[in-house]
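Good morning, colleagues. I should like to take you through one chain, beginning with its overall makeup and ending with its backbone details. Please have the sequence and the model open as I speak.

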Amino acid sequence: MTAHRTPDPSPAPDPAPDPAPTTGTRPQGTDEEPGAATTPPRLAVRGLTVRFRMPGGRSVAAVTDADFDLAPGECLVLVGESGCGKSVLASALLGLLPGNAEATGTALLTDTHGATELLAAPEAELARSVRGRRIGLIPQSPAAHLTPVRTVRSQLEETVRELTGVRRGAELRAAAERAAARAAFPTGHLDRHPHQLSGGLAQRAATALALAGDAPLLLADEPTTGLDRDLVDRTVDELRRHAEAGRALLMITHDLAAAERIADRVAVMYAGRIVELADARRFFGTPGPHHPYARGLLDALPGRAFTPIPGMPPELGDLPAGCAFAARCDRATTTCATLPAPRDGVACHHPVPPEREPDRARTA
């Protein structure tokens, strides 16, 4: 895979974006020297923890102590195996968790509208002024988020009208078609209902709806599902443009090729915890990831070692007291029976050195 930072041109959005910052907080996991911290992060997450209460008094630790900043103009990609808590984290930020969930910690959203503590905000505020307007969402299951009895065009026009203030007939129609073009949604399908769309078209319709309002923060949960490679590249390039206009993007994906194409930084999640947070160029290039699990994700790719990670992730309702990856790790020792604290962006007792050792086994 080859890192890509200059997308092919395509239709640009009309609404004026937030101005790109000239200085700001230093993104975690980079080698850049800190500058004058005059611009706060678009999103600052500290200690975000989500527990699901289950029958019989059990609890499931879906997300534990997530910490990260997301700056204006930045794309952070969250990767990890299915069930590791990535989508739960995004749902917590939007206040979309089910009734048996409890979210603690802080998640501070800061933009031109002010600062809002998302985990403490009442539902009325989230529904009225946050979702769609300040945080856009490309959902993991787009068909479930499209109104089945209305055409894609009518849903796009309503979204544009509510989020941008464009109300005139011809102007509104043109704005909706521009939003569709940004997501590579064909104009000839705009008058179809969701049940008439393929999975890939439904994905592109959901992307168009999320991009229509040019929200300062965009959460994209598996935005390339059902798309062929060309459309994957076009979609991530458009999302990249969205971020480079001074907005922020948190993208969740299993597609490491798409992650390499778009990311400024990569956060690797395992069993509910972020185990590595790294600069994307270092992560995908040299020296590569340092957590054994993160290294295993890359080694499993066809273009690399094509070697799967052995074993299965632990159940989130029955996590070990120490490192959750130890049972699958060839670097594990008795030290791993204790939980590793994050250090230099890596939560591991035995991180992989820059040059892989011939014999990675260690003694306690």
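Of the contacts in the chain with a separation of 6 or more, 66% are accounted for by residues 24 or more positions apart. Please bear in mind that what you see is a predicted model. The chain contains ten helices and ten strands. Half of the picture is interior: 50% of the 364 residues count as buried. About 16,300 Å² is exposed by the chain, and carbon and sulfur atoms supply 54% of that area.

Let me turn to the sheet. Four strands make up an open sheet, in the order β2-β1-β4-β5, with antiparallel pairing. Its edge strands are β2 and β5, the latter covering 114–117, and each of these pairs on one side only. From one strand to the next, the twist averages 10°. Within this sheet, strand β1 (residues 43–53) and strand β4 (residues 101–111) run antiparallel and are joined by eight bridges. One position to find on your screens is R51, which stands opposite E102 in β4. As a general reminder, side chains in a regular strand alternate between the two faces of the sheet.

Which strands does helix α1 lie across? Helix α1, residues 86–94, lies across β1, β2 and β4, and runs at about 110° to β1.

That helix brings us to the nonpolar interior. The largest nonpolar core has 80 residues, and of these L89 and L93 touch the most other members. Leaving aside residues up to four places away in sequence, L89 touches L48, V63, A66, F68, L78, L250 and M269. There is also a second, separate core of 20 residues, and L172, A180, A205 and A208 are among its members.

I move now to the hairpin of β9 and β10. Strand β9 (residues 265–270) pairs with β10 in the antiparallel sense, over six bridges. In this pairing, R265 stands opposite D279 in β10. Two residues lie between the strands of the hairpin, and A271 takes a positive phi near 50° there. Why is strand β10 described as largely enclosed by the rest of the structure? The reason is that six of the seven residues of this strand, which spans residues 273–279, are buried.

Helix α10 belongs to this part of the discussion as well. It is mostly covered, with seven of its eight residues buried. The buried residues in α10 are P292, Y293, A294, R295, G296, L297 and L298. What do they pack against? Their partners are β3 (75–79), α8 (256–262), β9, β10 and α9.

Just ahead of that helix there is a backbone feature to note. A cis peptide bond, with omega about 10°, joins T286 and P287. P287 is found in the loop between α9 (280–284) and α10 (292–299).

Two aspartates also deserve a look for their backbone angles. D65 is a residue other than glycine, yet its phi is positive, near 50°. This residue lies in strand β2, residues 59–70, and D65 is partly exposed, at a relative accessible area of 45%. The second is D344, which likewise is not a glycine and has a positive phi of about 55°. D344 is placed in the segment after α10. Is D344 buried or exposed? With 79% relative accessibility, D344 counts as exposed.

Finally, the cysteines. How many disulfides are there? The count comes to zero. A disulfide is a covalent bond between the sulfur atoms of two cysteines. In C348, the sulfur is 6.1 Å from the closest cysteine sulfur, that of C329, and this is too far for a bond; the cut-off applied is 2.5 Å. As for their surroundings, C348 counts as buried at 17% relative accessibility, and C75 is buried with a relative accessible area of 0%.

To close, I would ask you to keep two views on screen for the discussion: the open sheet with the order β2-β1-β4-β5, and helix α10, whose buried residues pack against β9 and β10 among other elements. Thank you for your attention.

Conventions:
Residues are numbered from 1 along each chain as its sequence is written. This is a predicted model: local features need pLDDT of at least 70, side-chain atom pairs count only at pLDDT 80 or more; totals for chains, interfaces and linings use all residues. Side-chain values use heavy atoms; hydrogens and water are left out. Buried means under 20% relative accessible area, exposed over 50%, partly exposed in between (1.4 Å probe, protein chains only). Two strands pair if DSSP finds at least two bridges between them. A nonpolar core is a set of buried Ala, Val, Leu, Ile, Met, Phe, Trp, Tyr and Cys residues joined through side-chain atoms within 4.5 Å. Contact means heavy atoms within 4.5 Å. Accessible areas come from the Shrake-Rupley method with a 1.4 Å probe; for residues, only the protein chains shown count as cover. Axes are lines fitted to C-alpha atoms, for helices over the stretch in contact, and angles run from 0 to 180 degrees between N-to-C directions.
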